[in-house]
Amino acid sequence: MVLCTCCSNRAYDECCGPIIAGAAGASTAEALFRARYTAFAVRNLDFVDRTHAPEIRDDFNRAEAERLADGCEWQDLQIRRADETGDTAEVEYVVRFRKDGQDITSAAVSRFRRDNGEWFFVNSEMKPMSVPRTGPKAGRNDPCPCSSGKKFKHCCGAKALA
């Protein structure tokens with residue numbers, strides 16, 4: 001069994017594979033987001049392009065997307081929240097990848113819209129990874145303030161000491 005790239009711990013053929021292949025539509029905005037992430041990681045940019053909302057499809061920079069897809073090693077996807085209200089949705093996520101020998105963590109919120117029962121990507125907004133500290137400083141064995149679920153010493157603390 002090949003695990004899906006979207007980090008769902010499900011088999012690719014039972015997760016994003018059928019959505020990317022067009023055999024099944026994404027039942028939720030989160031499912032579409034995961035399929036788009038997987039399609040990008042496996043370099044199926046046709047799927048990424050056709051799941052853009054029609055009004056932004058002409059803005060898709062295929063050459064830039066190919067450069068990014070070819071230059072990155074996709075490591076992890078964490079969904080922080082996925083909220084659907086009627087035919088609109090937001091998916092907040094953190095993605096980790098390696099590019100040019102550097103480990104990069106990026107957080108964003110993507111917005112989706114459902115038209116005639118089909119979900120489409122509308123836009124995305126980057127979110128800052130760090131929040132100004134208002135409480136006590138994180139200790140080595142405390143949970144990391146970036147919400148990764150790791151201990152501070154194995155996450156942002158390790159980067160600070162490097």
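# Exercises on a predicted model

The structure holds six aromatic pairs. The model is a predicted one, and the exercises below work through its rings, its largest pocket, its overall fold and several single residues.

## Exercise 1: Two aromatic pairs

Classify the geometry of the pair formed by tyrosine 37 and tryptophan 74, and state where in the chain the two partners lie.

*Solution.* A pair of aromatic rings is described by the distance of the centres and the angle of the planes. For tyrosine 37 and tryptophan 74 the centre-to-centre distance is 5.9 Å and the planes stand at 75° to each other. Centres within 6.5 Å make a pair, and an angle over 60 degrees counts as edge-to-face, so the pair of tyrosine 37 and tryptophan 74 is edge-to-face. As to location, tyrosine 37 belongs to helix α2 (residues 29–41) and tryptophan 74 to strand β1 (residues 72–85), so that the pair, with its partners 37 residues apart, links distant parts of the chain. Tyrosine 37 has a relative accessibility of 8% and therefore counts as buried, the cut-off being under 20%.

Carry out the classification for the rings of phenylalanine 112 and phenylalanine 121, and decide whether each residue is buried or exposed.

*Solution.* The ring centres of phenylalanine 112 and phenylalanine 121 are 5.9 Å apart and their planes meet at 70°, which makes this pair edge-to-face. Phenylalanine 112 has a relative accessible area of 2% and is buried; phenylalanine 121, with 12%, is buried too. Both residues belong to one aromatic cluster, whose members are Phe33, Tyr93, Phe112 and Phe121.

## Exercise 2: The largest pocket

Describe the largest pocket by its volume, by the residues and elements that line it, and by the character of that lining.

*Solution.* The volume comes to about 680 Å³. The lining consists of 21 residues, of which Arg36, Phe40, Leu68, Tyr93 and Phe121 are the closest to the centre of the pocket. Turning to the elements, two or more lining residues come from each of α2, α4 (62–71), β2 (88–99), β3 (102–115) and β4 (118–127), and the largest share, four residues, is given by α2. By character, the lining divides into 13 nonpolar, five polar and three charged residues. Tyr93 and Phe121, listed among the residues closest to the pocket centre, are also members of the aromatic cluster.

## Exercise 3: The overall fold

Give the order of the helices and strands from the N terminus on, and compare the radius of gyration of the protein with that of a compact globule.

*Solution.* The protein has five helices and four strands, and from the N terminus on these elements follow the order α-α-α-α-β-β-β-β-α. For 162 residues, a compact globule would have a radius of gyration near 15 Å, and the 17 Å of the protein agrees with that value. Along the principal axes, the C-alpha atoms fill a box of roughly 50 × 35 × 35 Å. Buried residues account for 35% of the 162 residues. Among contacts with a separation of 6 or more, 40% join residues that are 24 or more positions apart.

## Exercise 4: Backbone angles and single residues

Which phi value does cysteine 7 have, and which value does asparagine 116 have?

*Solution.* Cysteine 7, although not a glycine, has a positive phi of about 70°; asparagine 116, likewise a residue other than glycine, has a positive phi near 50°. Cysteine 7 sits in the segment before α1 and, with a relative accessibility of 30%, counts as partly exposed. Asparagine 116 is found in the loop between β3 and β4, where a relative accessible area of 87% makes this residue exposed.

Locate glycine 25 and glycine 157, decide whether each is buried or exposed, and give a C-alpha distance for each.

*Solution.* Glycine 25 lies in the loop between α1 (17–21) and α2 and is exposed, with a relative accessible area of 63%. From glycine 25 to glycine 117 the C-alpha distance is 8.9 Å, while the separation in sequence is 92 residues. Glycine 157 is part of helix α5 (residues 156–161) and is buried, with a relative accessible area of 4%. Between the C-alpha atoms of glycine 157 and glutamate 30, which are 127 residues apart along the chain, the separation is 30 Å.

Methods
Residues numbered from 1 in each chain as written. Predicted model: local features only at pLDDT ≥ 70, side-chain atom pairs only at ≥ 80, totals over all residues. Heavy atoms only, no water. Phe/Tyr/Trp six-rings, centres within 6.5 Å; stacked < 30°, edge-to-face > 60°. Buried < 20%, exposed > 50% of the residue type's maximum accessible area, 1.4 Å probe, protein only. 1 Å grid on protein atoms, 1.4 Å probe; cavity = no way out; pocket = protein on both sides within 12 Å on 5 of 7 lines; lining within 4 Å. Points joined across faces, edges and corners; volume = space filled by probe spheres on them. Nonpolar A, V, L, I, M, F, W, Y, C, P; charged D, E, K, R; others polar. Rg over C-alpha atoms; globule rule 2.2 N^0.38 Å. Contact = heavy atoms within 4.5 Å.
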